[in-house]
Amino acid sequence: MHAKVTGVIALLTFVTAGSARATPADAAPAATPSVAVPCTVTDAMISAANYWVANGTDLTSTSWQNGSFYTGNLSVVLATGQSNHRTLPWAQANGYALATDPNRPFFPDFQAVGEAYLDLHVFFHPEPENLIPLRNQLTAEVASVQGGARRYWSYAEALNRSMPSFARLGVMDQNEAMLEAMQTLFHHAERVEGGGLFNEIVGLWRHDARTPEFSSRANGEAFSGLAKVLDALPSTDHRRAEYLRVFQKMAVTIRWTQRRDGFWNSDLLDPWNAPGPESAGTSLLTYGLAWGIAHGVLNATEYTPIATKAWEALATKALQPSGLLGYVQNPDAKPHDPPPKATDTAAYGIGGFLQAGRWIASLTPACQG
């Protein structure tokens with residue numbers, strides 16, 4: 001018998017047995033029934049994921065956009081225990097493969113699906129052979145880096161599309177060479193590529209060496225990617241300090257550039273440049289903030305209001321009643337391009353939203369238990 005039901009029966013038995021002696025003055029007061037508070041965070045996640053699997057485009061490929069969505073789709077399972085049973089069939093149909101191009105053998109976009117494959121392996125279906133394509137590609141890249149190559153992460157988004165797989169597989173395999181190659185590629189992007197993609201003064205990343213602006217989406221990918229790397233590395237890893245330093249420095253600027261409505265602008269440092277909400281960058285920045293708070297590397301008092309305000313904006317303005325997540329800027333857009341509309345959506349925007357929701361739920365009392 002359920003413990004709660006047993007407790008109620010015991011209470012009734014006690015009260016009945018003592019009713020002959022009890023008086024109104026010493027009778028126990030009636031218990032106030034508890035009312036379950038719904039977890040609106042996970043409700044929003046389920047709505048967005050289900051809308052995309054029913055209405056999305058190109059759900060079968062191994063594109064970086066699907067890598068983001070299916071990683072987010074597994075975040076729904078991790079946060080709720082519920083599954084729409086779409087990620088595993090997608091991975092199986094693709095043979096856990098990565099896209100290839102002989103002219104760009106180690107293009108970070110091709111490795112974005114590795115995160116979903118690793119999540120399937122670690123949390124749901126631990127079949128070692130499924131990681132062979134990812135392991136083979138990263139191993140070949142490590143050899144190339146050891147041979148002197150440095151320029152594979154020539155844009156900030158690589159820190160989210162490639163770097164987490166290096167960290168997670170390197171730790172899983174206890175592969176020091178893979179973790180060293182990761183650090184080499186990171187330092188080249190941070191300090192060397194086109195004068196350094198990371199600006200130490202403002203604490204933000206340029207998309208690439210030719211881009212003067214600091215876009216919310218590029219910085220969202222860099223910020224969330226660093227969070228995932230920090231999550232993967234043990235606290236004793238000597239490389240971790242630099243990743244944490246950059247992550248915390250970014251957080252300061254991210255905090256002060258949030259818009260009044262909770263979103264971040266496409267151009268983080270120029271609110272007058274194509275002003276308007278942008279969901280993809282906002283989702284990824286929210287992910288990084290919520291992860292940092294949950295793991296004690298960002299001050300909860302300072303950053304929780306920022307993260308929750310951002311989530312509220314995403315869940316109440318960007319997320320439509322149908323489950324469509326709007327205001328997602330197209331993948332080739334620049335910060336100065338016209339801002340996205342309420343109906344503009346894409347797999348990577350939804351993926352970022354779902355990944356953010358996982359950690360926002362961990363900070364929300366109604367979502368616990």
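Below are some exercises with worked solutions on a predicted model.

**Exercise 1. An aromatic pair between two loops**

Work out which kind of aromatic pair Phe-106 and Tyr-152 make, and where in the chain each ring comes from.

Solution.
- Start with the overall tally: the model has 17 aromatic pairs.
- Now take the two rings. The centres of Phe-106 and Tyr-152 lie 5.2 Å apart, and the planes make an angle of 75 degrees. Centres within 6.5 Å make a pair, and planes over 60 degrees apart count as edge-to-face. So Phe-106 and Tyr-152 are an edge-to-face pair.
- Next, place them. Phe-106 sits in the loop between helix H4 (87-93) and helix H5 (114-124), while Tyr-152 sits in the loop between helix H6 (132-146) and helix H7 (158-161). With their positions 46 residues apart, the pair links distant parts of the chain.
- Last, check the cover. Buried means under 20% relative accessible area. Phe-106 has 12%, so Phe-106 is buried. Tyr-152 has 21%, so Tyr-152 is partly exposed.

**Exercise 2. The pair of Phe-107 and Tyr-155**

Classify the pair of Phe-107 and Tyr-155, then look for a charge over the face of Phe-107.

Solution.
- The distance is 6.0 Å centre to centre and the angle between the planes is 45 degrees, which makes this pair tilted.
- Phe-107 belongs to the loop between H4 and H5, and Tyr-155 to the loop between H6 and H7, so parts of the chain 48 residues apart in sequence are tied together.
- Both rings are out of the way of solvent by the cut-off used here: Phe-107 and Tyr-155 are buried.
- Now the charge. Arg-104 lies over the face of Phe-107, 4.1 Å from the ring centre.
- For another case of this kind, go to Trp-64: Arg-161 lies over its face, at 3.6 Å from the ring centre.

**Exercise 3. A patch on the surface**

Find the residues that make a nonpolar surface patch of about 250 Å², and say how exposed Val-122 is.

Solution.
- The patch is made by Val-122, Phe-123 and Met-172.
- Val-122 lies in helix H5.
- Its relative accessible area is 45%, so Val-122 counts as partly exposed.

**Exercise 4. The disulfide**

Locate the disulfide, give its handedness, and decide whether its cysteines are buried or exposed.

Solution.
- A disulfide is a covalent bond between the sulfur atoms of two cysteines.
- The model holds one. Its partners are Cys-39 and Cys-367, with the sulfur atoms 1.9 Å apart.
- The angle about the S-S bond is 85 degrees, and the link is right-handed.
- Trace the ends: Cys-39 is in the loop between helix H1 (3-17) and helix H2 (40-55), and Cys-367 is in the segment after helix H14 (347-362). They are 328 residues apart, so this is a link between distant parts of the chain.
- As for cover, Cys-39 and Cys-367 are both buried.

**Exercise 5. Salt bridges**

Follow the salt bridges of Glu-176 and Arg-191 along the chain, then see what else Arg-191 is linked to.

Solution.
- The model has 19 salt bridges. In one of them, Glu-176 meets Arg-239, with 2.8 Å between the closest N and O atoms.
- Glu-176 is in helix H9 (residues 176-192) and Arg-239 is in the loop between helix H10 (216-232) and helix H11 (240-256), so the bridge ties parts 63 residues apart in sequence.
- The partners differ in cover: Glu-176, at 40% relative accessibility, is partly exposed, whereas Arg-239, at 2%, is buried.
- Now Arg-191. This residue bridges to Glu-242, the closest N and O atoms being 3.4 Å apart. Arg-191 lies in helix H9 and Glu-242 in helix H11, 51 residues apart.
- Glu-242 has a relative accessible area of 15%, so Glu-242 is buried.
- Widen the view: Arg-191 and Glu-242 belong to a network of salt bridges that also takes in Glu-190, Glu-200 and Arg-245.

**Exercise 6. One more bridge**

Decide how exposed each partner is in the salt bridge of Lys-341 and Asp-344.

Solution.
- The two side chains meet at 3.7 Å, N to O.
- Exposed means over 50%. Lys-341 has 52%, so Lys-341 is exposed.
- Asp-344 has 23%, so Asp-344 is partly exposed.

How values were computed: Residues are numbered from 1 along each chain as its sequence is written. This is a predicted model: local features need pLDDT of at least 70, side-chain atom pairs count only at pLDDT 80 or more; totals for chains, interfaces and linings use all residues. Side-chain values use heavy atoms; hydrogens and water are left out. Rings of Phe, Tyr and Trp (its six-membered ring) pair if their centres lie within 6.5 Å; planes under 30 degrees apart count as stacked, over 60 as edge-to-face and the rest as tilted. Helices (H or I, at least four residues) and strands (E, at least two) are DSSP runs, numbered from the N terminus. Buried means under 20% relative accessible area, exposed over 50%, partly exposed in between (1.4 Å probe, protein chains only). A charge sits over a ring if NZ of Lys or CZ of Arg is within 6 Å of the ring centre and within 35 degrees of the ring normal. Patches are made of residues with over 30% relative accessible area and no salt bridge: like charges are joined within 9 Å, nonpolar side chains (Val, Leu, Ile, Met, Phe, Trp, Tyr) within 5 Å. Accessible areas come from the Shrake-Rupley method with a 1.4 Å probe; for residues, only the protein chains shown count as cover. A salt bridge is a side-chain nitrogen of Lys or Arg within 4 Å of a carboxyl oxygen of Asp or Glu. A disulfide is a pair of cysteine sulfur atoms within 2.5 Å.
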